[in-house]
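Q: I have a structure open and do not know how to read it. Can you take me through it feature by feature?

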Amino acid sequence: MARQSEFVEFVLELLAPLGNVRARAMFGGHGIYQGDIMFAIIENDRLYFKTDTVSREAYSARGLAPFTYVARGKTLTMQYHEAPPEVFEEPEAMRRWAQQAVGVALNAKQRKE
């Protein structure tokens, strides 16, 4: 099994106060889960949080880009936005933004069920 990047390990350490947080390798990056809820993505040493129509406004207002990828020649945008820089230096900011993303992911899962 491949060793996780130092950035993934760093993010998991910052997210540890949320409890039951883990990373799962996927498509060259990592999905970040709390329990069975994926609420973040790490790709190329960048952290993206799950967003919805309401939370997306806070990210967009700060100029934080959505997660995009190219498939079959098309650029696709997912409902994840790059995390604000302060989450890496302020534990309270990480907790607040991550908990919001967990809530968004949980709501999306409940709507699907």
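The dialogue below goes from the sheet to the cores and then to the rings.

A: Keep in mind that this is a predicted model. Start with the strands.

Q: In what order do the strands of the sheet stand, and how do they pair?

A: Follow the sheet from one edge to the other. Here six strands form an open sheet, ordered 1-2-3-4-6-5, with antiparallel pairing. Strand 1 and strand 5 (66–71) have a single partner strand each, so one side of each has no neighbour in the sheet. On average, neighbouring strands are turned by 35° against each other, direction ignored.

Q: How many bridges join strand 4 to strand 6?

A: Look at the two strands side by side. Three bridges join strand 4 to strand 6 (residues 74–82), and the two run antiparallel. Take Tyr 48 as a case: its bridge partner in strand 6 is Glu 82.

Q: Which strands does helix 1 lie across?

A: Compare the helix with the strands beneath your view of it. Helix 1 lies across strand 1, strand 2 (29–34), strand 3 and strand 4. Its direction is at about 155° to strand 1.

Q: Which residues have the most contacts inside the largest nonpolar core?

A: Look for buried nonpolar side chains that touch. The largest such core has 26 residues. Leu 15, Ile 32, Phe 39, Leu 47 and Phe 49 have the most contacts inside it. At least two residues each come from helix 1 (6–15), strand 1 (21–26), strand 3 (37–43), strand 4 (46–50) and helix 3 (91–112). Helix 3 gives the most, with seven residues.

Q: What is Leu 15 in contact with, leaving aside its neighbours within four places in sequence?

A: Leu 15 is in contact with Val 21, Ile 32, Phe 39, Met 94 and Ala 98, once those neighbours are left aside. Another core, of six residues, lies apart from the largest one. Among its members are Met 38, Tyr 48, Phe 67 and Tyr 80.

Q: How many aromatic pairs does a search of the whole structure find?

A: Check the ring centres, then the planes. The search finds seven aromatic pairs. In one, the rings of Tyr 59 and Trp 97 have centres 4.8 Å apart and planes at 75°, so the pair is edge-to-face. Tyr 59 is in helix 2 (residues 56–61) and Trp 97 in helix 3, so the pair ties together parts 38 residues apart in sequence.

Q: Are Tyr 59 and Trp 97 buried or exposed?

A: Both Tyr 59 and Trp 97 are buried. Elsewhere, ring pairs link Phe 7, Phe 10 and Phe 88 into a cluster.

Q: What lies over the face of Tyr 33?

A: That is Arg 22, at 4.5 Å from the ring centre.

Methods
Residues are numbered from 1 along each chain as its sequence is written. This is a predicted model: local features need pLDDT of at least 70, side-chain atom pairs count only at pLDDT 80 or more; totals for chains, interfaces and linings use all residues. Side-chain values use heavy atoms; hydrogens and water are left out. A nonpolar core is a set of buried Ala, Val, Leu, Ile, Met, Phe, Trp, Tyr and Cys residues joined through side-chain atoms within 4.5 Å. Buried means under 20% relative accessible area, exposed over 50%, partly exposed in between (1.4 Å probe, protein chains only). Helices (H or I, at least four residues) and strands (E, at least two) are DSSP runs, numbered from the N terminus. Contact means heavy atoms within 4.5 Å. Rings of Phe, Tyr and Trp (its six-membered ring) pair if their centres lie within 6.5 Å; planes under 30 degrees apart count as stacked, over 60 as edge-to-face and the rest as tilted. A charge sits over a ring if NZ of Lys or CZ of Arg is within 6 Å of the ring centre and within 35 degrees of the ring normal. Two strands pair if DSSP finds at least two bridges between them. Axes are lines fitted to C-alpha atoms, for helices over the stretch in contact, and angles run from 0 to 180 degrees between N-to-C directions.
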